[in-house]
Amino acid sequence: MSILEILFFALSAFAIVSAIMVLVSKNPIHSVLWLILVFFAISGHYILLNAQFLAIVNIIVYAGAIMVLFLFVIMLMNVQSDKEPQKKLLTKFIGVLSGGSLLILLIALVKQTTQLQGKQVLMKEGTIGLIHPLGKALFNDYVLPFEISSVLFLSAMVGAVIIGKK
Amino acid sequence: MTILALDWALLAEKLIMIAIIVLASLGIALYTTFAERKVAAILQDRPGPSRAGPFGLLQPLADGLKLIMKEEIIPNAANKWLFILGPALAMTASLMTCAVIPWGSAIDVFGRHIELQIADVNIGVLYVFAVVSMGVYGIMIGGWASNNKFSLMSALRAASQAISYELAMGLALIALLMTTGSLSLKTIVEQQVGGNWWNIVYQPLGFLIFFITAMAECNRTPFDLPEAENELNFGYHQEYSSMKLGFYLFAEYINMIMSSAIMASMYFGGYDLPFFNEASVAPNIAAMIGVGTLLIKIVLFIFLFMWIRWTIPRFRYDQLMGLGWKTLIPLALFNMLVTGAVILATQ
């Protein structure tokens, strides 16, 4: 096994264990903290794929900003597992069923995609995750979608200001 | 065994460098606490710590010994793991910044060419930004795990302050990055070395915004709302004792050193000594002069931080938020627009 493979499997195991801990933690604060670890593991995978820019942006945006807001809200609401009302058995069953179906659907999709069949991941190669190629691609090939998504952000911002003013 | 296909010498070199830089940062932070008390004393016209050793020079050792020898108390109602994780995270996040700072140009030792930088990643500035955004977790987790209302209030204040000022900091940085065209701190410093203008000449307003936001991110007065004693008793570290409290206090000083190093590298030429031709002396000596220059710049910035702390009183919380959102962010946007227009006009 090369170092890359060892790192890949270690990071994957780390990501999966953390993701499971997000689900099984009784305390919502612990769930959020495990979720931050999941983001770190995913950033590690980005670095293995030579996408340093994506890796660091993933940490800044998801682990650094969005998760702080999650923590913020949970701390302010003071959610505690033992005081929360327990869900009915039927609701739990339906939740498991729908989640499981989604998982099967995703696996079937990945298995059937012809573009992914027989291909191997290029580690340490590829440049699209670096800042110069990514910037060029965004501002040359995908200018319109990029600008439209910024309009989406603007509308979200205006909405937040209006709700905040009420 | 393909595992051994590593450049072990490179690994050893980096590990030694990490050890030196971490130990040096801790040592400087130790004496920064002493300097803080001395500067405060001078500004308030009193002698300051003077009993331990000549001029009180052993005072930081006495303080450290006191912190270590005190009893460790973990409150009964606290969340034990997170209570310990809080200060550890604060300390780790503040030390991690030093990885991308170029401490000097390269030296040659035993035939090896050693760059005086732990990692020259091409996204160095963003890495610093990511580490800064991690720093708030130490405070939030510690404040929440203490299970104390004052600590929680203070942790929430720290988080909202950090998020608000990160925005203005990022916008001020974008203007700088537009002029440098690179995110690597090494490249940014090299552009300023050797008779070229320092970036402060191109980005005076950007530097001012960055300096103010850096002060806010370090929780320094006048932005130390998270530890406003008169409203919150003591702040997010109220329940902490012994070296866990020491870690929180220390992390603040290390943050100050690291942000001084970042500011010196990005706006004030890093290890560049002005009016001095590095090529006129041997490369090793030039590199050492560079390290010394950067250290002097860091010390000057730290003094500036302290001078401000003991001169300006603390803001009110609404003033803090107003300054961040209504003054700094529009100013940073304006700075960005002007920089873009100038770059476009001179192309």
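Reader: At what angle do the axes of helix 10 and helix 11 of chain B cross, and within what distance do they come?
Author: Good place to start! In this predicted model, the axes of helix 10 (residues 242–267) and helix 11 (residues 283–309) of chain B cross at roughly 120 degrees and come within 9 Å.

Reader: Why are helix 10 of chain B and helix 11 of chain B called oblique to each other?
Author: Set the angle of roughly 120 degrees against the cut-offs: 65 to 115 counts as roughly perpendicular and over 145 as roughly antiparallel. The angle falls in neither range, and therefore helix 10 and helix 11 of chain B are oblique to each other. As for hand, their crossing is right-handed.

Reader: Which residues of helix 10 and helix 11 of chain B meet?
Author: From helix 10 of chain B come M256(B), I257(B), S260(B), A261(B), M263(B) and A264(B). Their partners in helix 11 of chain B are L294(B), K297(B), I298(B), F301(B), I302(B) and F305(B). Sorted by class, this contact has 10 nonpolar, one polar and one charged residues. Lys counts as charged, so K297(B) is the charged one, and Ser is outside the nonpolar and charged lists, so S260(B) is the polar one.

Reader: Now to the pair of chains. What makes helix 3 of chain A roughly antiparallel to helix 5 of chain B?
Author: The axes of helix 3 (residues 52–77) of chain A and helix 5 of chain B cross at roughly 155 degrees, coming within 11 Å. Angles over 145 count as roughly antiparallel, so that name applies to these two helices. Helix 3 of chain A passes helix 5 of chain B in a left-handed crossing.

Reader: How do you know what class of residue makes up the contact of helix 3 of chain A with helix 5 of chain B?
Author: Just look at the names. A65(A), V68(A), F72(A), M75(A) and L76(A) meet L152(B), L156(B), A159(B) and I163(B). Ala, Val, Phe, Met, Leu and Ile count as nonpolar, and the tally is accordingly nine nonpolar, no polar and no charged residues.

Reader: How many residues does each chain give to the contact between the chains?
Author: Chain B gives 19 residues and chain A gives 16 residues. On the side of chain B that touches chain A, helix 4 (124–145) and helix 5 (149–180) each supply at least two residues. Helix 4 of chain B has the largest share there, nine residues. By class, that side of chain B has 16 nonpolar, three polar and no charged residues.

Reader: Why does V131(B) count as buried?
Author: V131(B), found in helix 4 of chain B, has 23 C-beta neighbours inside 10 Å. The cut-off is 20 or more, so V131(B) counts as buried. Beyond its neighbours within four places in sequence, V131(B) is in contact with A93(B), M96(B) and T97(B). E239(B), by contrast, is 108 residues along the chain from V131(B), with 26 Å between their C-alpha atoms.

Reader: What is the radius of gyration of chain A, set against a compact globule of 166 residues?
Author: The globule would have a value near 15 Å, but chain A has 20 Å. The C-alpha atoms of chain A fill a box of roughly 50 × 45 × 30 Å along the principal axes, and buried residues make up 14% of the 166 residues.

Reader: Which pattern does chain A follow along its sequence?
Author: The pattern is α-α-α-α-α-α, which fits the count of six helices and zero strands. Among chain A contacts between residues at least 6 apart in sequence, 58% join residues at least 24 apart.

How values were computed:
Residues numbered from 1 in each chain as written. Chains lettered and ligands numbered in written order. Predicted model: local features only at pLDDT ≥ 70, side-chain atom pairs only at ≥ 80, totals over all residues. Contact = placed C-beta atoms within 7 Å. Helix = DSSP H or I, 4+ residues; strand = E, 2+ residues; numbered from the N terminus. Rg over C-alpha atoms; globule rule 2.2 N^0.38 Å. Buried ≥ 20, exposed ≤ 12 C-beta atoms within 10 Å, placed from the backbone. Axes fitted to C-alpha atoms, helices over the stretch in contact; angles between N-to-C directions. Parallel < 35°, antiparallel > 145°, perpendicular 65-115°, else oblique. Left-handed = near helix turned anticlockwise from the far one by under 90°.
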